[in-house]
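Colleague: Hey, have you got a minute to walk me through this one? I'd like to get my bearings before class.

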Amino acid sequence: MGRKLLLEHINVPGINTLEVYRQKGGYAAVEKALKTLTPDEVVEEVKKSGLRGRGGAGFPTGMKWSFLAKPEGVPRYLVCNADESEPGTFKDRYLMTYIPHLLIEGMIAASYALGANTSYIYVRGEMMPQIRILERAIAEAKNAGLLGKNIFGTGYNLELYVQPGGGAYICGEETALLESLEGKRGNPRIKPPFPAIAGLYGCPTVVNNVESIAAVVPIINEGGDEYAKIGIGRSTGTKLISASGNLKKPGVYEIELGVPVEEFIYSDEYCGGIANGKRLKAVVAGGSSVPILPANLILKTINNEARLMSYESLSDGGFATGSMMGSGGFIAFDEDQCIVRNTWNFSRFYHHESCGQCSPCREGTGWMEKVLHRLEYGHGKMSDMDLLVDVSKKIEGNTICPLGDAAAWPVASAIRHFRDEFEWHVTNAAEATSRNYGLANYADPLPKVEKAEA
Amino acid sequence: MKVTIDGITVDVEPGTSILNAARQIGGDIVPPAMCYYSKLEGSGGKCRTCLVKVSKGSEKDPRPMPKLVASCRTTVMDGMEVQNITSPEVIEARKGVVEMLLINHPLDCPVCDQAGECHLQDLGYEHGAAKTRYEFDRRTFEKIDIGDKIQLHMTRCILCYRCVFTADQITNTRLHGILNRGDHSEISTYIQKAVDNDFSGNVIDVCPVGALTDKTFRFKNRVWFTKPVEAHRDCDKCCGKVTLWYKGEDVIRVTGRKDVYGEVEEFICNTCRFDKKKTADWTIEGPRKVSHKSVISANHYETMKPLPVVKTNPLLQEANKEQFERETRL
C-alpha cells in the first residue's frame with residue numbers, strides 16, 4: 001500500500017467539518033508553523049521537501065516562493081489556482097469537496113510563509129458546490145479563530161476569500177487568472193514581469209495549485225526532509241492522479257511518485273486494469289495537453305526500463321518517446337478507441353478555449369481543428385498529416401502562453417505515434433465515419449424515454 | 001549596456017527592448033512589428049511577427065533562451081546576443097505567423113485604402129508563400145459603421161489591439177474594444193455605438209492594415225498617386241503637425257506624421273484630420289521624405305547605405321543580399 005498524505009483521512013465521516021478535521025490532527029501544521037517557525041523557515045522546509053508544482057508545470061514550489069519580491073510597504077498575495085479545467089483532470093475538486101480544511105490549512109501556512117495577509121482561492125465558476133463548501137469551511141475556520149486577526153494568538157492576520165472564475169480554460173494560466181481576479185477579461189499577460197515581481201494589482205504574488213498548497217500541510221507536519229524521502233529522484237512526495245478512460249476503476253488516487261505505470265494501470269490497488277478485458281492502446285499521462293503515448297511507450301522508457309509515475313520518467317527521451325506528468329490527468333484508451341476522433345476532440349477544446357490574443361494560437365488552433373474534423377468525417381487527404389505537423393510546429397513555442405503548446409503537442413504526438421490510423425481514415429473514409437467509437441456497450445437512453453411516455 | 005543583433009553591436013540604455021535596440025541600428029535587422037507601437041503603453045507581444053532568437057542571454061548568464069522571444073517586449077541584458085534575419089528558425093517562425101495572419105485577412109489590396117502603406121502587405125511580400133495551404137471558409141463580417149468619420153472593415157482586422165490601446169490612452173472616452181474570444185474575437189463598438197471624440201481619428205493611423213479607414217478619403221485615390229507634404233497649423237487641441245496628401249491641387253487626406261517604422265510622431269485631433277482640407281488652412285513645410293520601402297517613393301529610392309560591419313561580415317552580406325541586389329538593379 002502506498003503512503004497517503006493528502007487523502008489519509010478522506011474516508012472518515014464528517015472530515016469536511018472543522019470538528020472532525022481537528023480531531024484527526026487538522027490545523028496542527030499551521031499552529032506549528034506560526035508558533036515555532038519563522039516565515040523563512042517554512043519556505044526552507046518546502047524547499048527541502050523538493051515539492052514540485054502540482055498544476056502541470058512541475059516547477060519547484062519552494063524556489064518559486066523564494067523568488068517573491070519583498071518591497072517595503074507593498075502587500076504580497078497568495079492566490080490558489082483552483083480553476084482546474086484541463087480535460088481529464090479532476091483531482092483538485094475532489095480534494096476541495098471532501099477535505100476542504102486541508103486546503104485552507106495549507107493556505108494559512110503558505111500565506112504566513114510568504115508574508116501575505118490577504119489570499120484568494122480562485123475557483124472555476126462552474127464548480128459552485130465546491131465554492132459553497134469552501135465558503136462554509138472558511139466561515140467555520142474564521143469562527144474558530146483560525147482565520148482573520150491574531151491567528152493562534154501569534155499576531156498573524158489573514159483574510160481568505162473564495163473568488164468564482166469566469167469559466168474559461170485560459171483562466172487557469174496564472175497571469176490570465178490574475179487578470180480575471182482583477183475583474184478583467186482573462187487574457188494572459190506577457191512575461192516578464194513574472195507574478196513574483198508584479199502580480200495581483202501589480203504587487204508580488206505567488207500562484208499555486210490546490211494540491212501544491214495542500215501538500216504544504218504534511219510537509220510542515222513531517223518536515224521537509226522526511227517528505228523528500230518519499231518518491232524518486234527529483235519527483236518527491238505523493239501526487240494525486242485523476243484516472244479516467246477505459247479503466248476498470250477510474251478515480252482519484254494518491255500515489256507515491258515512482259510507482260511503475262504498469263502497476264498503476266493493472267494493480268487492484270489502483271486502476272485494476274483495462275475495462276471489459278480489452279487491451280491498452282494508448283495513454284495520455286498528464287491531462288489532455290500532454291503528448292499521447294502508445295501502450296509500448298507508456299509501459300517502457302526509451303532504455304527499455306519500466307516507466308514510472310514520475311516527472312523525469314514520464315518525460316524520458318523528450319516528446320518523441322515520452323510525455324509529461326502534467327496535472328496528473330491519466331486517460332487510458334483501449335484498443336477500440338479512435339485516436340483521430342480523440343485528437344479532434346482535444347483540438348476542438350483548445351480551439352474553443354484560445355483567448356485570441358496572439359496570432360499563431362488564435363488562427364492555428366482553428367486551422368488544426370478544421371483539418372482534424374475533415375479527417376474524422378471522411379474528407380481528409382494524405383497530405384493533411386504533414387500539414388497538421390507543420391501547423392503545430394508553427395504554434396509550439398511561439399505564443400504568449402502555454403495554451404499554444406497544449407494545443408500543438410497532442411496533435412503532433414498523435415500523428416507521430418498513430419500515423420497509420422490517420423491514413424486509414426483517409427483510405428477508408430466510409431468505414432471510418434460509420435464506426436461508433438466504443439459506444440456499442442452503452443445503452444441508448446432513447447428507448448427508455450419512449451417507454452416511460454408509453 | 002551592449003547588445004549584439006545579427007553581429008552588429010550597439011550601446012543602449014537599460015530597459016530598452018530588443019526591437020528598439022534594433023531600431024537604433026536600423027536596416028533589415030529590425031524585426032517587423034504589427035502590434036507594437038512605441039507611443040502606446042502596453043502594446044506589443046501579440047502578433048508574434050517580431051520573434052527573435054536570443055542566442056546568448058547576457059555576459060552574466062550566457063545561456064541561450066529556450067524559445068523565440070517577442071523582441072518588442074523583451075528587454076536587453078548586457079552582452080546579450082540576438083539573431084533576427086541570421087536565424088533560419090526565426091525566418092521560419094515569421095513565415096508561419098504571416099501564414100496565420102493571412103488566413104483571415106483577405107488579399108483585397110487592389111481595393112483597399114491601406115494598399116501601399118500596409119505593414120502586412122510588406123510582411124507578406126518578404127515572408128509570405130505564393131500559395132496558402134488553408135482551404136476552409138474565411139470569416140467574414142458586415143461592414144460596421146462606427147460614426148461619420150471612420151469605417152470598420154472587420155474582415156481585414158488582424159486583432160493587433162492598437163486601436164483599442166489608442167482609444168484607451170489617447171482619447172478620453174473608450175467606445176470600442178474586443179468582443180468574443182479566440183478566432184471569434186472582433187473589434188467592435190459596444191452595441192453599435194459611434195466612435196466620436198476629438199482624437200478618435202488616430203485609430204485609423206495606428207491600424208497596420210486596412211481595417212479602419214478614413215471615410216473622408218475612402219476610394220478617392222491610390223496612395224501612390226498622391227503627393228505627401230509636411231505642414232502645420234496652430235491648433236488648440238493638438239500639435240498641429242501633419243502630413244497633407246495632395247491629388248493635384250487638392251488635399252484629399254490629412255494624417256499624423258509617421259516615422260520610418262510607420263508610427264505617428266504625435267497624435268493629431270479630428271479637426272486637423274477631417275475638417276482642414278484646404279491648403280490655406282496650413283503652413284506648408286515642404287515635401288515629405290518617403291522611405292525607400294514605400295510605393296510612394298517610386299523613382300526616388302534612397303540609396304542603400306550599409307553599415308561597415310554589414311560590408312565586412314559575410315553572414316550579414318548574405319542576409320542583406322536582397323537589398324544589395326536592389327541597389328545594383330537601381
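Colleague: Let's start with a single residue: where is Pro193(A) placed?

Modeller: Pro193(A) lies in the loop between H8 and E5 of chain A. Keep in mind that this is a predicted model.

Colleague: Okay, and what's the peptide bond from Pro192(A) to Pro193(A) like, with what omega?

Modeller: That bond is cis, with omega near 5°. The bond from Lys191(A) to Pro192(A) is cis too, with omega near -5°. Pro192(A) is also in the loop between helix H8 (174-181) and strand E5 (205-209) of chain A.

Colleague: Why bother pointing those out?

Modeller: Because most peptide bonds are trans, and most residues other than glycine have a negative phi.

Colleague: You mentioned phi, so what is phi near in Asn304(A)?

Modeller: Phi of Asn304(A) is near 65°, which is positive, and this residue is not a glycine. You'll find Asn304(A) in the loop between helix H12 (295-299) and helix H13 (311-314) of chain A.

Colleague: Let's zoom out. How many helices and strands are there in chain A?

Modeller: Chain A has 19 helices and twelve strands. Chain B has nine helices and 14 strands.

Colleague: And what about the radius of gyration of chain A?

Modeller: Chain A comes out at 23 Å, and a compact globule of 454 residues would have a radius of gyration near 22 Å, so the two agree. Taken along the principal axes, the C-alpha atoms of chain A fill a box of roughly 75 × 60 × 45 Å.

Colleague: Now chain B: what radius of gyration does it have, and what would a compact globule have?

Modeller: Chain B has 20 Å, and a compact globule with its 330 residues would be near 20 Å, so that agrees. The C-alpha trace of chain B spans about 55 × 45 × 40 Å along its principal axes.

Colleague: Switching topic, what pLDDT does chain B average?

Modeller: The average for chain B is 87, and 91% of the residues score at least 70. Among its elements, strand E3 (residues 51-56) of chain B has the highest mean pLDDT, 96, while helix H7 (residues 308-312) of chain B has the lowest, 69.

Colleague: What ipTM and pTM does the predictor give the complex?

Modeller: Both the ipTM and the pTM are 0.86.

Colleague: So how many residues of each chain are in contact?

Modeller: There are 33 residues of chain A in contact with 33 residues of chain B. The area buried between chain A and chain B is about 2900 Å², and carbon and sulfur atoms give 51% of that.

Colleague: Which three residues supply more than any other three of the area chain A buries against chain B?

Modeller: Those are Glu363(A), Trp367(A) and Lys394(A), which supply 23% of the area that chain A buries against chain B.

Colleague: How many salt bridges does the rule find across the interface?

Modeller: Five between chain A and chain B. One salt bridge joins the side chains of Asp390(A) and Arg133(B), at 2.7 Å, N to O. There are also 17 residue pairs in polar contact between chain A and chain B.

Colleague: Which helix gives the largest share of the side of chain A that touches chain B?

Modeller: H15(A), with ten residues. Helix H15 (359-376) and helix H16 (384-395) of chain A each supply at least two residues of that side.

Colleague: And how do the residues of that side of chain A divide up?

Modeller: On the side of chain A that touches chain B, twelve are nonpolar, twelve polar and nine charged.

Definitions and conventions: Residues are numbered from 1 along each chain as its sequence is written. Chains are lettered from A and ligands numbered from 1 in the order in which they are written. This is a predicted model: local features need pLDDT of at least 70, side-chain atom pairs count only at pLDDT 80 or more; totals for chains, interfaces and linings use all residues. Side-chain values use heavy atoms; hydrogens and water are left out. pLDDT is the predictor's confidence in each residue, from 0 to 100. Helices (H or I, at least four residues) and strands (E, at least two) are DSSP runs, numbered from the N terminus. Contact means heavy atoms within 4.5 Å. Buried area is the accessible area (1.4 Å probe) that two parts lose on being put together, summed over both. A salt bridge is a side-chain nitrogen of Lys or Arg within 4 Å of a carboxyl oxygen of Asp or Glu. A polar contact is a pair of N or O atoms within 3.5 Å; within protein, one must be able to donate a hydrogen and the other to accept it, and residues adjacent in sequence count only if both atoms are side-chain atoms. Ala, Val, Leu, Ile, Met, Phe, Trp, Tyr, Cys and Pro count as nonpolar, Asp, Glu, Lys and Arg as charged, and the others, Gly among them, as polar. The radius of gyration is taken over C-alpha atoms; the globule rule is 2.2 Å times the number of residues to the power 0.38.
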